[in-house]
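The following paragraphs lead the reader through one structure, from its interior to its surface. Please keep the sequence and the model in view while reading.

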Amino acid sequence: MVNGLNLLFQFLNSFAFIVLAAAGLAIIFGIMGVINLAHGEFIMVGAYGTTLSANAGVPLPAAMLVGVTVTAVFGLIVERTIISAAVPNWVAERTVGRPVVKPMYDRMLDSMVATWGLSLVMVEGARYIFGNSLPAIGTPLGTIRYAGGSYSTSVYGVVLAVASVCTIGLMYWLFTRTDYGMRARATVQNESMAAALGVDTERTYMTTFTVGSALAGLTGALYAPTLSIGPGLGTSFLVEAFVAVVVGGTNVILGTLLGGGVLGLINAAFSNLYGTFFGRIALLVFAIIVLRFLPRGVTGLIETIRDRREVA
């Protein structure tokens with residue numbers, strides 16, 4: 001019974017961490033074809049915004065909203081200046097008469113190099129401006145005790161698990177029940193056809209990057225009370241985020257959910273039996289196996305089986 005509860009709480013913690021870390025990255029990669037190696041630093045921005053606001057006396061929920069908003073605005077600026085190069089090209093058109101920078105949509109290697117450079121600048125910038133650490137907020141809501149009080153887990157950890165499920169629900173609503181979601185799905189399926197039918201694909205990409213950045217900021221905001229806030233905190237999220245995207249595949253919603261579920265179970269099982277280090281090793285080994293045998297991820301396998309059934 002106790003071992004079962006330990007495994008359950010470990011799974012909830014792992015599932016929440018992986019889903020929240022991967023959500024924003026999955027949206028940006030799945031729709032824009034951009035590999036954002038600065039994703040961990042976007043999470044850092046959300047954590048910093050939340051922590052600085054909370055330390056200034058802002059109530060924690062409002063401080064989290066500040067963290068999300070700051071990250072979304074920062075993502076919009078990055079998209080306009082680096083990813084789409086809309087601002088540099090606007091200046092170039094008025095000076096030399098033509099755009100001079102090509103957008104990074106579906107240019108994976110180029111986007112990796114550019115965002116990797118951005119991540120280095122962000123880390124060193126945070127260290128220069130704020131120092132190596134910020135005063136911690138402290139984890140709210142107390143603990144849950146079980147097995148006669150011999151074991152305990154954080155109530156906030158359960159809240160994070162609920163928040164991760166709500167995030168998946170929000171993503172589902174956004175992509176299936178809104179005009180933006182319809183335009184985004186059309187752009188993914190056939191960008192040229194969508195543009196011919198009147199979809200402003202550039203605006204769709206801009207909105208997508210902003211939404212993905214906001215989700216990264218949400219992750220940082222939610223985990224700010226549980227972390228030591230420093231310039232390198234984003235690296236603790238980046239590995240799990242990329243592994244989840246690789247395992248889940250290109251389907252943004254189902255891939256994030258399945259990736260979080262499978263990887264959360266693997267991480268929980270190995271961490272519970274052998275420790276946290278072996279839990280992370282198991283994630284990487286599983287990702288290698290998936291890359292070898294399922295290059296399109298779990299959702300790619302599901303789509304292949306569905307297509308074969310339809311043909312049959």
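Met171 is buried, because its relative accessible area is 2% and the cut-off for a buried residue is under 20%. In this predicted model, Met171 is found in helix α6, which covers residues 155-176. Leaving aside neighbours within four places in sequence, Met171 is in contact with Ala23, Ile27, Leu215, Val252, Ile253 and Thr256. Gly212 is 41 residues from Met171 in sequence, and the two C-alpha atoms are 10 Å apart in space.

Met171 also belongs to a wider nonpolar assembly. The largest nonpolar core has 57 residues, and Met171 is among those with the most contacts inside it, together with Ile31, Met32, Phe42, Phe175 and Leu233. Which helix gives the most to this core? Helix α1, residues 2-32, does so, with 13 residues. As a general background, nonpolar side chains tend to be buried together in soluble globular proteins.

Phe42 offers a second view of the surroundings of this core. With neighbours within four places in sequence left aside, the contacts of Phe42 are Asn36, Thr71, Phe74, Gly75, Val78, Leu118, Met122, Phe209, Ser213, Ala216 and Gly217. Another core, of 11 residues, lies apart from the largest one, and its members include Ala22, Val243, Val247 and Ala287.

Helix α1 also holds Ser14. Is Ser14 buried or exposed? Ser14 counts as buried, because its relative accessible area is 4%. Beyond its neighbours within four places in sequence, Ser14 is in contact with Gly264, Asn267 and Ala268.

Aromatic rings form a further part of the picture. The count comes to 12 aromatic pairs. One of these pairs, Tyr223 and Phe237, is edge-to-face, with 5.6 Å from centre to centre and 70° between the planes. This pair links distant parts of the chain, since Tyr223 lies in helix α9 (residues 201-223) and Phe237 in helix α10, 14 residues apart. Tyr223 and Phe237 are both buried.

Ring pairs also join Phe270, Tyr274, Phe277 and Phe278 into a cluster. These four residues appear again at the surface, in a nonpolar patch of about 1100 Å² that is completed by Val239, Leu273, Ile281, Leu284, Val285, Ile289 and Phe293. Helices α11 (252-274) and α12 each supply at least two residues of the nonpolar patch, and α12 gives the most, with 7 residues. Val285, one of the patch residues, has its place in helix α12. Val285 counts as partly exposed, because its relative accessibility is 41%.

The charged side chains remain to be considered. In general, side chains of opposite charge can pair when their charged atoms come close. How many salt bridges does the structure hold? It holds 7 salt bridges.

One salt bridge joins the side chains of Arg280 and Glu240, at 3.2 Å from N to O. Arg280 lies in helix α12 (residues 276-293) and Glu240 in helix α10 (residues 235-248), so this pair ties together parts that are 40 residues apart in sequence. The two partners differ in their accessibility: Arg280 is partly exposed at 33% relative accessibility, whereas Glu240 is buried at 8%. Elsewhere, Glu79, Arg80 and Glu202 are joined into one network by salt bridges that share partners.

A contrasting case is the salt bridge between the side chains of Arg127 and Glu124, with an N to O distance of 3.0 Å. Why are these two residues about one helical turn apart? Both belong to helix α5 (residues 108-130), and they are separated by about one helical turn because they are 3 residues apart within it. Arg127 counts as partly exposed at 32% relative accessibility, and Glu124 likewise counts as partly exposed, at 48%.

A further salt bridge is formed by Arg203 with Asp200, whose closest N and O atoms are 3.7 Å apart. In this pair, Asp200 is partly exposed, with a relative accessible area of 39%.

Conventions
Residues are numbered from 1 along each chain as its sequence is written. This is a predicted model: local features need pLDDT of at least 70, side-chain atom pairs count only at pLDDT 80 or more; totals for chains, interfaces and linings use all residues. Side-chain values use heavy atoms; hydrogens and water are left out. Helices (H or I, at least four residues) and strands (E, at least two) are DSSP runs, numbered from the N terminus. Buried means under 20% relative accessible area, exposed over 50%, partly exposed in between (1.4 Å probe, protein chains only). A nonpolar core is a set of buried Ala, Val, Leu, Ile, Met, Phe, Trp, Tyr and Cys residues joined through side-chain atoms within 4.5 Å. Contact means heavy atoms within 4.5 Å. Patches are made of residues with over 30% relative accessible area and no salt bridge: like charges are joined within 9 Å, nonpolar side chains (Val, Leu, Ile, Met, Phe, Trp, Tyr) within 5 Å. Accessible areas come from the Shrake-Rupley method with a 1.4 Å probe; for residues, only the protein chains shown count as cover. Rings of Phe, Tyr and Trp (its six-membered ring) pair if their centres lie within 6.5 Å; planes under 30 degrees apart count as stacked, over 60 as edge-to-face and the rest as tilted.
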